[in-house]
Amino acid sequence: MRLWLPPVLLAVLLIGLSTGMPALEPLFHWIQPDKQQVIYERESFLFLLQNHVFLVIVSAAAGTLAAVAGGIFATRPSGRDFLPLVSQIASIGQTFPPVAVLALAVPVLGFGEAPILVALMLYGLLPILRNTLAGLESINPAVKEAARGMGMSPLQVLVRAELPLAGRVILAGIRTSVTINIATAAIGSTIGARTLGDPVIAGLVNGNTAYVLQGAILIGLLALTTDSLFEALERTWDRRFSPQVAG
């Protein structure tokens, strides 16, 4: 239970700030005394938070499926020849800046959520693929041989031995990818996506530091909450799977 306490407390703080930001108006007036309006009110912070999280979850799910599938394929005997190609394709996705991906995607997909989803998925592939390959390649061949000796099929060896043992390393890659994309998703506000980047962009355009701080604080707190959640998931994975597989 203690394992889940930090992410729960951070999540409560995040939701509390998202709903209660107007209560901090005196503080932001002190920070920005030359502005009459210091609380961003074009959209509710809770709505922006929900949409921001939705974009990150959808892109992370698609990126994880593609990266883990590519990692599994590249570590099978039939796919080892494609390992350099798979790695290069994933590296290309992170080589392009997200802004460049948006510039290319907007003419095709239009304004809104679709272009930022594509950018986030491409940008998040490499950490997950790299950790999937590292996790699967680090498994002792004797473990796989023992599993085959017990009569397991190749699919059973993968699902019941390899993935449980490599799971924490893969989760660490997903953790890195998601944390990076929480910050990257904010640029979606420049093309019409509703994210926590809205108050940041509005603050930069209007010279309102209070707006910028409100968006930045919520984005940072969301990243901390997510990182804490993945830390708890990784430790839970170790307790649930690694001892069982080892035994």
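A crossing of two helices is called left-handed if the near helix is turned anticlockwise from the far one by less than a right angle, and right-handed if it is turned clockwise. The exercises below apply this and related terms to a predicted model.

**Exercise 1.** Describe how helix H3 and helix H10 are placed relative to each other, giving the approach of their axes, the class of their angle and the hand of their crossing.

*Solution.* Two packed helices are described by the angle between their axes and the distance between the axes. For H3 and H10, the axes come within 12 Å and cross at roughly 45 degrees. Angles under 35 degrees count as roughly parallel and those from 65 to 115 as roughly perpendicular, and H3 and H10 are therefore oblique to each other. The last step is the hand, and the crossing of H3 and H10 is right-handed.

**Exercise 2.** Carry out the analysis for H3 and H6, and then break down their contact by residue class.

*Solution.* Helix H3 spans residues 45-74 and helix H6 spans residues 113-137; their axes come within 6 Å, with a crossing angle of roughly 40 degrees. That angle makes H3 oblique to H6. In hand, H3 passes H6 in a right-handed crossing. Sorted by class, the contact of H3 with H6 holds 17 nonpolar, seven polar and one charged residues.

**Exercise 3.** Classify the ring pairs that Tyr40 forms with Phe45 and with Tyr211, and state which residues these pairs link into a cluster.

*Solution.* A search of the whole structure finds three aromatic pairs. In the pair of Tyr40 and Phe45, the centres are 6.2 Å apart and the planes stand at 55 degrees, and the pair is classed as tilted. Both Tyr40 and Phe45 are buried. The rings of Tyr40 and Tyr211 have centres 5.5 Å apart and planes at 90 degrees; because planes over 60 degrees apart count as edge-to-face, this pair is edge-to-face. The pair joins distant parts of the chain, since Tyr40 lies in the loop between helix H2 (25-31) and H3, while Tyr211 lies in helix H10 (residues 209-240), 171 residues apart. Tyr40 and Tyr211 are both buried. Taken together, ring pairs link Tyr40, Phe45 and Tyr211 into a cluster.

**Exercise 4.** Locate Asn181, decide whether it is buried or exposed, and name the backbone atom that its side chain approaches.

*Solution.* Asn181 is placed in helix H8, residues 154-184. Its relative accessible area is 3%, and because buried means under 20%, Asn181 is buried. A polar atom of the Asn181 side chain lies 2.9 Å from the backbone oxygen of Leu120.

Technical notes: Residues are numbered from 1 along each chain as its sequence is written. This is a predicted model: local features need pLDDT of at least 70, side-chain atom pairs count only at pLDDT 80 or more; totals for chains, interfaces and linings use all residues. Side-chain values use heavy atoms; hydrogens and water are left out. Axes are lines fitted to C-alpha atoms, for helices over the stretch in contact, and angles run from 0 to 180 degrees between N-to-C directions. Helices (H or I, at least four residues) and strands (E, at least two) are DSSP runs, numbered from the N terminus. Angles under 35 degrees count as roughly parallel, over 145 as roughly antiparallel, 65 to 115 as roughly perpendicular and the rest as oblique. Ala, Val, Leu, Ile, Met, Phe, Trp, Tyr, Cys and Pro count as nonpolar, Asp, Glu, Lys and Arg as charged, and the others, Gly among them, as polar. Rings of Phe, Tyr and Trp (its six-membered ring) pair if their centres lie within 6.5 Å; planes under 30 degrees apart count as stacked, over 60 as edge-to-face and the rest as tilted. Buried means under 20% relative accessible area, exposed over 50%, partly exposed in between (1.4 Å probe, protein chains only). A polar contact is a pair of N or O atoms within 3.5 Å; within protein, one must be able to donate a hydrogen and the other to accept it, and residues adjacent in sequence count only if both atoms are side-chain atoms.
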